Amino acid sequence: MSEEKQQVSRRQFLNYTLTGVGGFMAAGMLVPMLRMAVDPVLQESATGDFANVSLAVEDITNDPQRVDWKIKQVDGWYESEVTKSAWVYKDDNGDIIALSPICKHLGCVVSWEGSEDYPNQFYCPCHDGRYYKSGVNVPNTPPTAALDVYEQKVENGMLYLGNAHPQGEA
């Protein structure tokens with residue numbers, strides 16, 4: 001048996017070598033870019049965290065009161081401090097209700113008793129949107145859905161609010 005050794009020409013050798021080196025250089029440039037694009041997706045999400053809104057439970061009345069608090073928000077690599085708001089009150093059963101002030105029609109901010117014509121209702125000045133105290137939209141007004149409700153918990157007599165979700169969802 002005779003084995004023939006196949007010779008590689010100088011041109012083939014340089015071609016293979018330069019292709020390999022070029023591939024490693026391209027991979028070296030692409031890997032950091034790929035990691036930068038994928039890394040935020042792999043980070044753990046901080047959703048579901050509750051924030052202290054600096055409101056004691058005994059200070060909550062039957063009339064809705066506006067509560068503002070700040071949270072740290074991370075968008076990719078940009079960190080910012082965002083102000084959130086809620087309308088907080090106790091219902092007839094003594095349960096705490098925390099409603100989002102964002103109108104479901106066009107995203108304007110609603111206010112409690114914002115119109116003299118409609119007392120004891122949330123009122124949106126953008127297009128005369130109205131909500132009952134429970135946050136349910138008044139029929140035949142522009143909003144098509146009820147105000148969102150914030151997740152909530154009470155610790156050491158202080159109110160903590162989480163994410164807002166549509167009424168009826170847990």
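## Domains and the annotated span

UniProt annotations may be inferred rather than shown by experiment. With that in mind, the unreviewed UniProt entry places the feature "domain: Rieske" at residues 88–161. The structure described here is a predicted model. In this model, the end C-alpha atoms of residues 88–161 lie 10 Å apart. The span is 35% strand and 0% helix.

The protein is divided into domain 1, residues 1–42, and domain 2, residues 51–166. Between the C-alpha centres of domain 1 and domain 2 there is a distance of 58 Å.

## Nonpolar cores

The largest nonpolar core is made of 14 residues. Val53, Leu55, Trp69, Val88, Leu159 and Leu161 have the most contacts inside it. Two or more residues of this core come from each of strand 1 (51–56), strand 2 (65–75), strand 3 (78–90), strand 4 (96–99) and strand 9 (158–165). Strand 1 gives the most, with three residues.

Another core lies apart from this one and has 13 residues. Trp87, Tyr89, Ile97 and Trp112 are among them.

Leucine 159 shows what surrounds one residue of the largest core. Leaving aside neighbours within four places in sequence, leucine 159 is in contact with residues including Ala51, Val53, Leu55, Val88 and Ile96. Its contacts also include Asn52, Gln152 and Lys153.

## The disulfide

A disulfide is a covalent bond between the sulfur atoms of two cysteines. How many disulfides does the model contain? The count comes to one. Cysteine 108 and cysteine 126 form this disulfide, with their sulfur atoms 1.9 Å apart. The torsion about their S-S bond is about -110 degrees, so the disulfide is left-handed.

The pair links distant parts of the chain, 18 residues apart. Cysteine 108 is in the loop between strand 4 and strand 5 (111–112). Cysteine 126 is in the loop between strand 6 (122–124) and strand 7 (129–131). Cysteine 108 has a relative accessible area of 19%, so it is buried, the cut-off being under 20%. Cysteine 126 is partly exposed, with a relative accessible area of 36%.

## Two cysteines without a disulfide

Cysteine 103 is in no disulfide, and the nearest cysteine sulfur to it is that of cysteine 124, 3.8 Å away. Cysteine 124 is likewise in no disulfide. Why is cysteine 103 not counted as paired with cysteine 124? A disulfide requires sulfur atoms within 2.5 Å, and these lie 3.8 Å apart, so the pair does not count.

Are these cysteines buried or exposed? Cysteine 103 is buried, with a relative accessible area of 4%. Cysteine 124 is also buried, at 2% relative accessibility.

Methods
Residues numbered from 1 in each chain as written. Predicted model: local features only at pLDDT ≥ 70, side-chain atom pairs only at ≥ 80, totals over all residues. Heavy atoms only, no water. Domains from an automatic or database assignment. Helix = DSSP H or I, 4+ residues; strand = E, 2+ residues; numbered from the N terminus. Core = buried A, V, L, I, M, F, W, Y, C linked by side-chain atoms within 4.5 Å. Buried < 20%, exposed > 50% of the residue type's maximum accessible area, 1.4 Å probe, protein only. Contact = heavy atoms within 4.5 Å.
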